[in-house]
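These are my notebook entries on one structure. I set down what I looked up, entry by entry.

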Amino acid sequence: MQDIEIADIRNLTQVIKERYNYDFTNYAMSSFKRRVQRVIDLYKFASVGHLVSRIKEDPAFFHDFISEITVNVTEMFRDPSFWRVVRDHIIPNIMLNHDTISIWHAGCSSGEEVFSMSIMLKEMGVLNKAKIIATDIDKEILDKAKKGLYAVKHMDLNEKNYIRYQGTGSLKDYYEEREGKVYMDRSLVANVSWREHNLVNGPVFNKFDLVLCRNVMIYFNQTLQNEVLKRLHESMFKYGYLAIGSKESLIWCEIANKFIVVNNEEKIYKKIKE
Amino acid sequence: MNRFKLHNRYKAVVIGGSAGSFQGITRILSGIPQDFSLPIIMCLHRLKHVRNGFTEALSIKSIKPVTEPCDKENIKKGQVYLAPANYHMSIELGNSFSLSTEEMVNNSRPAIDITLETAAYVYKDRLIGILLSGANRDGALGMKKIKERGGLTIVQDPADCMIDTMPAAAMQLTEIDHCLNIDGIIRFLIELDKQYK
């Protein structure tokens, strides 16, 4: 198999941009190339050119393409120590000044992070005070997330994370297992609004006390990270919190000075300037 | 004396390792010159959920601190980097790191193949790849890519490995320039460093 050339990628992103108004131009090259290669292998295209032609001609296929190139690998309570900080410091701090709390999961994927948040808030007794919006670029994965339906094989890791998080109960309290599938308790997410939204060119649609955008911007190059961070910043109340992945950093971004680090280990920032 | 026929156009050294490689790695990191000239980029299999402790353990004897890069961090000369837990680590054009949470590759995240392959793409013939002891086949494909792009390939001599599956898999898949024990790898790196002084 020939390696994908950068020119091929440029051509592909150009076609997608013109035809569908999705902009992958400033995605991180290393991972984007791998994702494209993955689609080529999966559908057995002879070349990038064949993939481009199919995308041009077939809008239904384009949506499958979006689902396949989007990275949807996640865990419940990923980084348990992060969740402990949110529970013990961030939520109580927000609740000091507000009766309600608005939360945005930006790039929620299959919903594990949203269920983790709901479980945490329920155990804190404040789930009914939370207004949660969960968005993703991939409509198909949102439909999956809404259902709260997971494979049993992933639950072992989720359980381990929950135990390390030191929840008050057992993760089993929140789901039923039937016919080899895990059905999450949907009352947990009864008040969650799930929306299709593209971080790259989607509008600023609300303001939040807490934005979680963990391991999403790692798929963007620095130019795009800058743009998206500006959008996230606009979507936050002053003194609101932003959580990114444990190995991401804001320090290179142009508007880094509008945030302070609240917890460097868990990468939680606070907006201090409009 | 230049038995490895080295030159000073290499830009980076990438090292992959898995089961049985920890001791070898610490010996390498304590045996090379303090002011080693090139970045050393390591991808070692490690526990996914344990974020802390590994760099500290490696740093104890290392000639310089081992750091886990953040996403999009620039690669600097003479630094020692380790792929963080539960992330794949790629090299980007423009000489920076990219992290990702994509599916596991070869049952691993970080996967050695990903680090080696992206490094091969960026550094081409200016790269040295070293594959150490390990119990699976991760890294073999990455070494092949390094060779295809003109880089230099080194494996730990299977006889010197605690578990030789990984270097043996690479030797089967591609041409290996040097098959060395850990002392040999240290001598190689010392000689390499002399080209830059």
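The entries below go from aromatic rings to the interface and then to two single residues.

**Entry 1: aromatic pairs**

I note at the outset that this is a predicted model. I began with the rings, since a pair of aromatic rings is described by the distance of the centres and the angle of the planes. Over all chains I recorded 23 aromatic pairs. I then looked up Phe24(A) and Phe32(A): their ring centres are 5.5 Å apart and their planes stand at 20°, so I entered the pair as stacked, because planes under 30 degrees apart count as stacked. Are these two residues buried or exposed? Phe24(A) has a relative accessible area of 4% and is therefore buried. Phe32(A) is likewise buried, at 4% relative accessibility.

In chain B I looked up Phe22(B) and Phe54(B). Their rings are also stacked, at 5.9 Å from centre to centre and with 25° between the planes. This pair links distant parts of the chain, for Phe22(B) belongs to helix α1 (residues 22-31) of chain B and Phe54(B) to helix α2 (residues 54-59) of chain B, 32 residues apart. For Phe22(B) I found a relative accessible area of 38%, so I wrote it down as partly exposed.

I returned to chain A to see which residues form a cluster of rings there. One aromatic cluster is made up of Tyr20(A), Tyr22(A), Phe24(A), Tyr27(A), Phe32(A), Phe62(A), Phe65(A) and Phe220(A). The stacked residues Phe24(A) and Phe32(A) are thus listed among its members.

**Entry 2: where chain B and chain A meet**

How many residues of each chain are in contact with the other? I recorded 28 residues of chain B and 34 residues of chain A. The size of an interface is often given as the accessible area lost when the parts come together. For chain B and chain A the buried area is about 2,600 Å², and carbon and sulfur atoms give 44% of it.

I next looked up the polar side of this interface. There are nine salt bridges across it, and 25 residue pairs are in polar contact. On the side of chain B that touches chain A, the elements that give two or more residues are β5 (88-92), β6 (96-100) and α3 (112-123) of chain B. A salt bridge joins the side chains of Lys247(A) and Glu68(B), at 3.0 Å from N to O.

I also noted charges placed over rings. Lys33(A) has its charged end over the ring of Tyr121(B), 3.2 Å from the ring centre. Arg78(A) lies over the face of Tyr87(B), and here the distance to the ring centre is 5.1 Å.

**Entry 3: Leu58(B)**

I located Leu58(B) in helix α2 of chain B. Its relative accessibility is 0%, so Leu58(B) counts as buried. What does Leu58(B) touch, not counting residues up to four places away in sequence? The residues are Phe22(B), Ile25(B), Thr26(B), Leu29(B), Met42(B), Leu44(B), Val66(B) and Leu82(B). I also noted Ser30(B), which is 28 residues from Leu58(B) in sequence and 9.5 Å from it in space, C-alpha to C-alpha.

**Entry 4: Asn226(A)**

My last residue, Asn226(A), is in helix α9 (residues 222-234) of chain A. With 11% relative accessibility, Asn226(A) counts as buried. Apart from its neighbours within four places in sequence, Asn226(A) is in contact with Cys253(A) and Glu254(A). The side chain of Asn226(A) reaches the backbone nitrogen of Glu254(A) at 2.8 Å.

Methods. Residues are numbered from 1 along each chain as its sequence is written. Chains are lettered from A and ligands numbered from 1 in the order in which they are written. This is a predicted model: local features need pLDDT of at least 70, side-chain atom pairs count only at pLDDT 80 or more; totals for chains, interfaces and linings use all residues. Side-chain values use heavy atoms; hydrogens and water are left out. Rings of Phe, Tyr and Trp (its six-membered ring) pair if their centres lie within 6.5 Å; planes under 30 degrees apart count as stacked, over 60 as edge-to-face and the rest as tilted. Buried means under 20% relative accessible area, exposed over 50%, partly exposed in between (1.4 Å probe, protein chains only). Helices (H or I, at least four residues) and strands (E, at least two) are DSSP runs, numbered from the N terminus. A charge sits over a ring if NZ of Lys or CZ of Arg is within 6 Å of the ring centre and within 35 degrees of the ring normal. Contact means heavy atoms within 4.5 Å. Buried area is the accessible area (1.4 Å probe) that two parts lose on being put together, summed over both. A salt bridge is a side-chain nitrogen of Lys or Arg within 4 Å of a carboxyl oxygen of Asp or Glu. A polar contact is a pair of N or O atoms within 3.5 Å; within protein, one must be able to donate a hydrogen and the other to accept it, and residues adjacent in sequence count only if both atoms are side-chain atoms.
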